Amino acid sequence: MSSYDLIVIGSGPGGYVAAIRASQLGMKTAIVERESLGGICLNWGCIPTKALLRSAEVLHLAKHAKSFGLKIENPSFDLDAVVKRSRGVASQLSNGVKFLMKKNKIDVIEGSARLEKGAPAPKVIVRGKDGKDTPYTAKHVMLATGARARDIPQAGLVADGKLIWTYREAMTPDAMPKRLLVVGSGAIGIEFASFYNELGAEVTVVEVMDRILPVEDAEISAFAEKDFKKQGLNILTGAKVENVKAGKNVVTADITTNDGKKETKEFDRAILAVGIVGNVENLGLEALGVKIDKTHVTVDGFGRTGVPGLYAIGDLTGPPWLAHKASHEGVTCVEGIAGKNHAEPFDASNIPGCTYSHPQVASVGLTEAAAKAKGFDIKVGRFPFIGNGKAIALGAENGLVKTIFDKKTGELLGAHMIGAEVTELIQGYVIARQGELTEADILHTVFAHPTLSETMHEAVLDAEGRALHI
């Protein structure tokens, strides 16, 4: 029976990064994966969706070439080629993870894992593709099994993989839908709505909350909704979808709008983006006494489950369901196991959130409403992209940066952005929060000109009533 210092179950961004850090710290490490190295993120999530969205972005620029003084006649797309490129990107990165495992001398065990009682950590039983079970032991075991798309059977929201899609089918469409229903307006729903809208589909987005992108600041949500509607998206907020049914060639759905009007509509395809559930089944967790709350494993700030030698990280442990959150949790957990004195409990408050639609949306920290609810006396700064020279030169002047500060201490409580490349820009504010920089620190920072990042400086200046270019 093979024995390790650490066995990681799941090779997504949380699992494989944790395994690498463990190897760096001198641990004999193995990782168990039942599908493809890299997990959902590299193979069916973060990376291939961004490849699709990049194709849509290039098409958008080609359609508007005239505004840049260029001539491109009748730009079009090849859906199969777009998907093929996306899958190629995913394959390249999955192979990259294979290389990293080999480089760091991490054993890769193919198969599905379950746990049995053992000491000093649960025993790991891996069922290979041949159906045979192989036992492994370790001093520590880490669960990084991630999550999957959520169905809501009681509301008639169940994917069939053919006409009613989850993110998986939406990334490898069998045909280009003319009429598309997207149920849910979180990051996943909005990204696919943006992609298919750019490719010419008639897209309807239905959100049960009173606004799209409901976890974002209300002002940013309103800005996004206005922009998406200008692009042709049909957005229904405060609405409910029920009884999504697949016929031979069409999908029907009962939609109740916010005024109580109910009607049945037809679509070519539907995408369900109504949340995710943790992959906690068939692991033997109940028998071990692992605490599970609404499909997510309960852990402390170091990934400890309360069961000796067993840890959990990433989407499995709950929101925010983000790859970079999982990676950070994995490193924090491993360093805690290794007894590193500098290891601090995981804190989600500085985790940025990004939506790669057109326009992009990014944020970190508290929204304005949340800051007020916590009792902060706040001051808010805003700066529109139309006041930024680089944005105008790029033809991307539609955007907004919003900053929220504690009036007493100058602490940056939150930052919220919409516009070109804000998913890159947000990191500046993340670093500011992590480094506990105050408003004064950012005010006195020099931002290069001409850059989009100047909007970030101006939004801070505006909080002091000192904005220079509006």
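**Exercise 1. Charges over rings**

Over the ring of which residue does the charged end of K28 sit? Identify also the ring whose face R87 covers.

*Solution.* The model is a predicted one.

Step 1. The charged end of K28 is placed over the ring of Y4, and its distance from the ring centre is 5.0 Å. The cut-off for this contact is a distance within 6 Å of the ring centre.

Step 2. R87 lies over the face of W44, at 4.0 Å from the ring centre.

**Exercise 2. Aromatic pairs**

Determine how many aromatic pairs the structure holds, and classify the geometry of W165 with Y196.

*Solution.*

Step 1. The number of aromatic pairs in the structure is 2.

Step 2. For W165 and Y196, the ring centres are 6.1 Å apart and the angle between the planes is 40°. Stacked pairs have planes under 30 degrees apart and edge-to-face pairs have planes over 60 degrees apart, with the rest being tilted. The pair of W165 and Y196 is accordingly classed as tilted.

Step 3. W165 belongs to strand 8 (residues 164-165) and Y196 to helix 6 (residues 187-198), so this pair ties together parts that are 31 residues apart in sequence.

Step 4. For F195 and Y196, the centres are 4.9 Å apart and the planes stand at 80°, so this pair is edge-to-face.

Step 5. Ring pairs thus link W165, F195 and Y196 into a cluster. As for accessibility, W165 is buried at 1% relative accessibility, F195 is buried at 2%, and Y196 is buried with a relative accessible area of 0%.

**Exercise 3. Backbone features**

Locate the cis peptide bonds that precede P320 and P450, and then describe the positive phi values of K105 and N243.

*Solution.*

Step 1. The peptide bond from P319 to P320 is cis, its omega being near -5°. P320 is placed in the loop between strand 19 (310-312) and helix 9 (323-337).

Step 2. H449 and P450 are likewise joined by a cis peptide bond, with omega about -5°. In this instance P450 is in the loop between helix 13 (439-443) and helix 14 (454-463).

Step 3. K105, which is not a glycine, has a positive phi of about 55°. This residue is in the loop between helix 4 (79-103) and strand 3 (107-110). Because its relative accessibility is 70%, K105 counts as exposed.

Step 4. N243, also a residue other than glycine, has a positive phi near 50°. N243 lies in strand 12 (residues 240-246), and with a relative accessible area of 33% N243 is partly exposed.

**Exercise 4. Salt bridges across the sequence**

State how many salt bridges the structure holds, and analyse those of K139 with D5, R269 with D174, and E439 with K379.

*Solution.*

Step 1. The principle is that side chains of opposite charge can pair when their charged atoms come close. The structure holds 26 salt bridges.

Step 2. In the salt bridge of K139 with D5, the closest N and O atoms are 3.4 Å apart. Strand 6 (residues 133-143) holds K139 and strand 1 (residues 2-9) holds D5, so the pair ties together parts that are 134 residues apart in sequence. K139 is partly exposed at 49% relative accessible area, whereas D5 is buried at 19%. The assignment of D5 rests on the cut-off for buried, which is under 20% relative accessible area.

Step 3. R269 and D174 form a salt bridge whose closest N and O atoms are 3.3 Å apart. This pair links distant parts of the chain, 95 residues apart: R269 is in strand 15 (residues 269-272), and D174 is in the loop between helix 5 (167-171) and strand 9 (179-183). R269 is buried at 11% relative accessible area, while D174 is exposed at 57% relative accessibility.

Step 4. E439 and K379 meet through their side chains in a salt bridge of 2.9 Å, N to O. E439 in helix 13 and K379 in strand 22 (residues 378-384) are 60 residues apart, and the pair links distant parts of the chain. E439 is buried at 5% relative accessibility, and K379 is buried with a relative accessible area of 17%.

Step 5. Finally, salt bridges with shared partners join D217, E219, E368, K372, R382 and K402 into one network.

Terms used
Residues are numbered from 1 along each chain as its sequence is written. Side-chain values use heavy atoms; hydrogens and water are left out. Rings of Phe, Tyr and Trp (its six-membered ring) pair if their centres lie within 6.5 Å; planes under 30 degrees apart count as stacked, over 60 as edge-to-face and the rest as tilted. Helices (H or I, at least four residues) and strands (E, at least two) are DSSP runs, numbered from the N terminus. Buried means under 20% relative accessible area, exposed over 50%, partly exposed in between (1.4 Å probe, protein chains only). A charge sits over a ring if NZ of Lys or CZ of Arg is within 6 Å of the ring centre and within 35 degrees of the ring normal. A salt bridge is a side-chain nitrogen of Lys or Arg within 4 Å of a carboxyl oxygen of Asp or Glu.
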